[in-house]
Amino acid sequence: MEDKLVSESSVFTVDPSTSFLTLFGENHGPDAEEALRQTAKQIQSEGGIHPQGSPAAKLARIVQQEVDNFCRLNPNFPPQRQPPQPRATLLILDRSIDPAAPLLHEFTYQAMLNDLLPVQETENHVGIKYTYEFNQADGSLGSQEVTLDEEDSVYKSVRHMHIAQCSDYLIEKFNEFLSENKAATGDRGSENKSAIKNLKEMKDTLTNLPQFQDMKAKYSAHLSIAQECMSYFERHKLNSVGNLEQNMATAETADGETPMTIVLDMVPLLADPNISSVDKARLLMLYIIWKEGGIFEDDKRKLIEHAKLTGELREAVNNLPLIGVKLTRLRSKEKSSFIKKRRDRNKRNKDEEQPYELSRYVPVLKKVMDTHLCNGLDANQFGFTKESDKDPVEEGNAPSVIPASGVSLRTTKPTWAKKSNSIHGSSRSTNGAKLIVFIIGGATYSEIRSVYEVAQAHQRDIFIGTTELLRPATFIEHVGHLKRPAPSPPSVITPYVPPQRPVEVAKATSLMSHMHITSSPQLSSKSSSISLSTVASSEKSVIPEEKKKKKGLKRLFG
């Protein structure tokens with residue numbers, strides 16, 4: 001079994017990847033403890049923080065035990081560093097802290113292509129492979145497989161951009177290239193009016209630039225991916241789907257008002273043939289999460305039948321309680337006040353900068369990290385496994401305390417979440433203690449993006465680890481399997497296979513037969529002794545002993 005696999009500069013994964021099924025499944029049995037211990041051995045760190053009463057709390061305790069045992073055996077750990085560095089913090093969470101994040105459509109480049117396109121993970125787990133089609137210079141259609149990882153500078157610069165911003169960025173950079181290579185491109189970039197204005201023009205121009213193969217390959221790949229994502233977006237009505245998702249996840253409309261037509265907007269989409277069954281399941285699961293107290297049993301049944309959900313998708317909806325979501329409730333005369341409570345909790349400053357309408361939701365992890373870096377996490381909710389040094393709260397930077405009743409899934413955009421130059425992959429200076437976030441049960445691409453954004457905003461080194469990089473369809477499949485027997489985690493130690501003993505007599509007989517030698521009294525006892533000792537010797541001495549034997553045989557028959 002491998003230890004950490006580094007997927008990106010700030011992202012790593014550990015075994016077992018089946019942790020979600022093992023920990024949240026209905027029939028997890030004793031394997032859950034073994035899965036936690038395997039994970040703990042790979043993420044040993046000091047100063048663990050975790051939410052109370054969760055799989056994360058169990059993992060944190062096991063990690064602390066592993067660290068204490070390691071320090072007991074290694075008294076000089078951790079080694080002294082010069083200059084001294086503040087102690088890092090390990091923040092351990094589990095997937096139940098934010099069940100909405102894996103269900104939402106994320107419209108940033110990396111998340112979108114992993115959600116919508118048929119990509120495959122590379123063998124070394126540091127990127128993804130995608131095969132795209134393009135128009136060749138002779139007008140024919142060609143196909144090309146491309147690897148997207150941090151070695152691709154274009155991919156690294158656009159992966160966390162919103163798809164609309166990404167398209168503009170690609171066109172802008174391509175026009176810069178044309179301007180810098182006027183002679184080679186026929187002086188196209190000399191006049192502003194002849195600059196590339198859209199993705200189609202950019203694609204046509206790329207076809208006529210065979211002399212710039214490296215540049216052409218990179219831009220052609222990302223251009224094709226961006227176009228395919230936008231094509232999928234339009235075909236499957238993701239504008240309507242995404243807007244409804246955001247209204248439910250944030251509990252407010254793009255105008256900051258309380259959404260009052262959630263069901264009226266959702267019912268037609270559940271029956272629309274242009275929307276995939278997986279997307280319909282995502283909408284229905286988000287609706288149940290939005291209701292907080294659950295929905296009526298007969299309403300749930302009617303919605304599932306209206307969406308024509310079957311098999312794993314139906315089971316995924318019914319298994320929501322296993323990840324901490326209230327599924328159904330009894331009818332009562334009392335009117336639910338969840339809308340008013342949510343509106344009061346999510347009241348937003350009208351002067352606050354607004355994100356894209358389809359990207360209003362902020363993952364819970366993002367707010368947790370920000371609150372921790374401001375020393376505002378409630379110790380009753382996020383307890384330390386051991387007392388840890390805390391960074392002082394800077395003057396004027398009051399902590400944004402998360403209520404002890406729980407982290408709200410209906411967060412709005414914090415003031416620090418502004419566009420920064422980190423989106424283009426530029427370097428930055430860091431200060432303060434490192435933060436390592438670990439999510440058992442899988443992390444989403446929106447959460448990975450949040451790590452980079454918070455690191456930039458606070459000028460900190462932040463890393464995120466998990467047992468699996470989650471795509472929405474994979475998450476729904478996992479939830480649909482939670483009532484099935486959980487898979488056993490792989491063994492940490494490779495099973496012992498004893499080596500086979502050599503058959504000495506057979507080797508000696510084979511050698512003598514090859515040399516046409518029989519048991520003859522003409523053979524001296526000395527030469528016979530040499531042949532037998534050759535077979536019985538260790539493997540290292542086989543070759544030199546054979547050479548000696550051949551010399552003896554040459555003397556005998558010479």
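**Group meeting: a walk through the predicted model**

Let's start with strand E12, residues 462–466, which is mostly covered, with four of its five residues buried. Before I go on, please keep in mind that this is a predicted model. I'll use E12 as our way in and work outwards from there.

Who sits beside E12? On the one hand there is strand E2, residues 11–13, which pairs with E12 in the parallel sense over three bridges. If you want a residue to click on, Thr13 has Thr466 of E12 as its bridge partner. On the other hand there is strand E11, residues 435–440, and E11 and E12 also pair in the parallel sense, over five bridges. Two pairs to look for here: Leu435 is partnered with Ile462 in E12, and Ile439 stands opposite Thr466 in E12. So Thr466 turns up twice, as the partner of Thr13 and opposite Ile439.

How does the chain get from E11 to E12? It passes through helix H16, residues 445–458, and this β-α-β crossover is right-handed.

Staying with E11 for a moment: five of its six residues are buried, so this strand is largely enclosed by the rest of the structure. E11 has another parallel partner in strand E4, residues 89–94, and six bridges join the two. There, Leu90 stands opposite Ile436 of E11.

Now let's move to a second sheet. Here three strands form an open sheet in the order E5-E6-E7, and this time the pairing is antiparallel. Which strands are at the edges? Those are E5, residues 120–121, and E7, residues 141–148, each pairing on one side only. E5 is joined to E6, residues 128–135, by two bridges, with the two strands running antiparallel. Gln120 is the residue to find on E5, as it stands opposite Lys129 in E6.

On to a couple of helices. Helix H4 covers residues 109–116, and eight of its eight residues are buried. That list takes in Tyr109, Gln110, Ala111, Met112, Leu113, Asn114, Asp115 and Leu116. I'd point out that Gln110, Asn114 and Asp115 are among the buried residues there.

Helix H11, residues 277–291, gives us a nice little check on geometry. At 1.5 Å a residue, its 15 residues should span 21 Å, and the C-alpha atoms at its ends are 21 Å apart, which agrees. H11 is another covered element: 13 of its 15 residues are buried, so the rest of the structure largely encloses it. Right after H11 comes Glu292, with a positive phi of about 60 degrees.

Let me show you two loop residues as well. What is Asn319 doing between its neighbours? It lies in the loop between helix H13, residues 311–318, and strand E9, residues 328–329. Is Asn319 buried or exposed? It is buried, because its relative accessible area is 0%, and the cut-off for buried is under 20%. As for what covers it, once we leave aside its neighbours within four places in sequence, Asn319 is in contact with Val479, Gly480, His481, Leu482 and Lys483.

The other one is Cys374, in the loop between helix H15, residues 364–373, and strand E10, residues 382–384. At 4% relative accessibility, Cys374 counts as buried too. Its C-alpha atom is 9.5 Å from that of His458, although the two residues are 84 apart along the chain.

Since we're on cysteines, how many disulfides does a search of the whole structure find? The count is zero. Cys229 is one cysteine in no disulfide, and the nearest cysteine sulfur, that of Cys166, is 8.6 Å away. With a cut-off of 2.5 Å between the sulfur atoms, that distance is why the pair does not count. Cys229 is itself buried, with a relative accessible area of 0%.

Finally, let's zoom out. The protein chain has 20 helices and twelve strands. Of its 558 residues, 47% are buried. Its accessible surface comes to about 29,300 Å², and 51% of that belongs to carbon and sulfur atoms. Among contacts with a separation of 6 or more, 75% are between residues 24 or more positions apart.

That's the tour; I'm happy to go back to any of these spots on the screen.

How values were computed:
Residues numbered from 1 in each chain as written. Predicted model: local features only at pLDDT ≥ 70, side-chain atom pairs only at ≥ 80, totals over all residues. Heavy atoms only, no water. Expected span 1.5 Å × (residues − 1). Buried < 20%, exposed > 50% of the residue type's maximum accessible area, 1.4 Å probe, protein only. Contact = heavy atoms within 4.5 Å. Areas by Shrake-Rupley, 256 points an atom, 1.4 Å probe, with all protein chains shown as cover. Pairing = 2+ DSSP bridges. Right-handed = clockwise from strand over helix to strand, strands pointing away.
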